[in-house]
Amino acid sequence: MRILLCFFLLVLFPLSSQATEETVNIEVKGGKVQGTLLVPDNAIKPPVVLIIAGSGPTDRDGNQQNLQNNSLKQLADSLYNRGIASLRFDKRGIGASQIPDLNQRELRFEHFVADVRYWIGLLGKDKRFSRLIVAGHSEGALIGIEAAIDNPQVHGYVSLAGPSRPADEMIREQLAEQPQMIRDMVFPMLDTLRGGDTLRFVPEYLYALFHPSLQPYLMSWMKYDPRQEIKKLKVPVLIVQGTTDVQVLPEDAENLKRAYPAATVKLVENMNHIFKEFDSKDKRAQIATYNNPNLPLHKDFIPAIESFVKKIQ
C-alpha cells in the first residue's frame with residue numbers, strides 16, 4: 001500500500017474554553033487514517049505528543065470493541081491539562097480509519113510506520129508547536145522508534161510499556177503458562193514464520209494468533225528487535241514501565257535501557273499495562289481494569305511524561 005502525501009484538517013470545534021480539538025486525516029490508498037489533535041488554547045507554542053496505540057484493534061482512545069478503558073484518551077486529556085498538545089489516531093482499518101478495500105493479507109508493520117511518519121510530517125509543519133515528541137504504547141512503541149529514526153522533526157521519544165524483544169519472543173513469553181501441548185504446537189509455528197514461510201495449516205482455535213490473513217503482518221513485525229532499533233535514535237528517550245504489567249515486564253525496560261544507556265527510565269510502582277493502578281500481577285483480577293473507562297490513570301504516570309516533555313528544548 002502506497003501512502004499518498006495528502007493531509008486534511010477537518011472539523012474544527014471547541015472542546016472547552018481552554019482547548020481546541022481538531023479531527024485530522026491523512027489519506028492512504030483506498031481510504032483515510034483519522035486522528036484527534038487536542039491543543040490547549042492558553043498555551044503559547046506548546047510541545048505536541050504523537051500518541052501511537054498498541055497492538056490489535058486498538059483505537060485512538062485505547063479501546064477495543066469489548067474493552068473500554070479510555071487509557072489513551074485519558075493520557076491526551078491529562079497532557080492537555082498540563083499545557084501539552086497531543087495527536088492520537090485510529091490505525092488503518094480501526095475505528096474511523098476505515099479502508100473499504102483493505103486486504104489484511106497485504107498489511108505490513110511498515111505500513112503503520114509509514115503512517116506515523118506522515119503524522120510526524122504534519123505536526124512538524126504546524127507552527128503552533130515548539131517541539132514534537134513521539135510516544136508509542138506496547139507495539140506502538142516499536143512503531144514509534146522506527147518512525148523517529150533519523151527524523152529531524154522528532155525532538156524526543158517515549159516508550160510506554162514497550163517490549164524489548166521481537167514479537168515472536170514476546171508471544172512465547174506470554175504463552176509460558178499455557179499447557180505444554182499448546183506450546184509444543186505454537187512454538188514450531190513461530191519458528192516457521194520467523195524463517196520466512198507461512199503456515200500450511202492452522203487449527204481454528206489458534207486463528208487469533210495465526211489466522212492466514214494475519215501471518216504476513218506477523219512475519220513483518222518479527223523482523224524488528226527493539227533492542228537493536230532503539231540504538232539508532234539520536235534524541236532524548238524516556239522509558240515508562242509499570243511494575244504490575246503482565247504483558248510487558250520491568251525487565252523489558254531494563255533491556256531497552258542497556259541498549260540506549262542515555263535513556264531515562266521511570267518504573268511506576270503498581271501500574272499495569274494500560275497505565276492504571278493495580279497492586280497485583282493476577283491476570284484474571286486485572287481484567288476488570290481493561291474494561292473500566294472511569295478508572296483514572298496511575299497518579300505517577302503523567303508527571304513523569306510531563307517532566308520529560310517540558311525539559312526537551
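Buried means under 20% relative accessible area, exposed over 50% and partly exposed in between, with a 1.4 Å probe and protein chains only. The model is predicted, so that local features need pLDDT of at least 70 and side-chain atom pairs count only at pLDDT 80 or more, while totals for chains, interfaces and linings use all residues. Residues are numbered from 1 along each chain as its sequence is written, and side-chain values use heavy atoms, with hydrogens and water left out.

**Exercise 1. Determine how many residues of helix α2 are buried, and compare its span with the expected one.**

Step 1. Helices (H or I, at least four residues) and strands (E, at least two) are DSSP runs, numbered from the N terminus. Helix α2 covers residues 109-124, which is 16 residues.

Step 2. The expected span of a helix is 1.5 Å times one less than its number of residues. For α2, the distance from first to last C-alpha is 23 Å, close to the expected 22 Å.

Step 3. Among the buried residues of α2 are Phe109, Phe112, Asp115, Trp119 and Leu123. In total, 12 of the 16 residues are buried, so α2 is largely enclosed by the rest of the structure.

**Exercise 2. Classify the packing of α5 with α7 and of α4 with α5.**

Step 1. Axes are lines fitted to C-alpha atoms, for helices over the stretch in contact, and angles run from 0 to 180 degrees between N-to-C directions. Angles under 35 degrees count as roughly parallel, over 145 as roughly antiparallel, 65 to 115 as roughly perpendicular and the rest as oblique.

Step 2. The axes of α5 (residues 180-194) and α7 (residues 215-222) come within 9 Å and cross at roughly 75 degrees. The two helices are therefore roughly perpendicular to each other.

Step 3. Contact means heavy atoms within 4.5 Å. On the α5 side it involves Leu190, Leu193 and Arg194, and on the α7 side Gln215, Leu218, Met219 and Met222.

Step 4. Ala, Val, Leu, Ile, Met, Phe, Trp, Tyr, Cys and Pro count as nonpolar, Asp, Glu, Lys and Arg as charged, and the others, Gly among them, as polar. The α5 contact with α7 thus divides into 5 nonpolar, 1 polar and 1 charged residues.

Step 5. For α4 and α5, the angle is about 175 degrees and the axes are 10 Å apart; the pair is therefore roughly antiparallel. Asp168, Ile171 and Arg172 of α4 meet Phe187, Leu190, Asp191 and Arg194 of α5. This contact has 3 nonpolar, no polar and 4 charged residues.

**Exercise 3. Two non-glycine residues, Asp150 and Ala161, have a positive phi. State where each lies and whether it is buried or exposed.**

Step 1. Asp150 has a phi of about 55 degrees and sits in the loop between α3 (139-148) and β7 (156-160). Its relative accessibility is 58%, so Asp150 counts as exposed.

Step 2. Ala161 likewise has a phi of about 55 degrees, in the loop between β7 and α4 (167-174). With a relative accessible area of 4%, Ala161 is buried.

**Exercise 4. Describe the cover and the pairing of strand β3.**

Step 1. Strand β3 (residues 31-40) is mostly covered, as 8 of its 10 residues are buried.

Step 2. Two strands pair if DSSP finds at least two bridges between them. Here 4 bridges join β3 to β5 (residues 85-89), and the strands run antiparallel. One of the bridge partnerships links Gly35 with Phe89 of β5.
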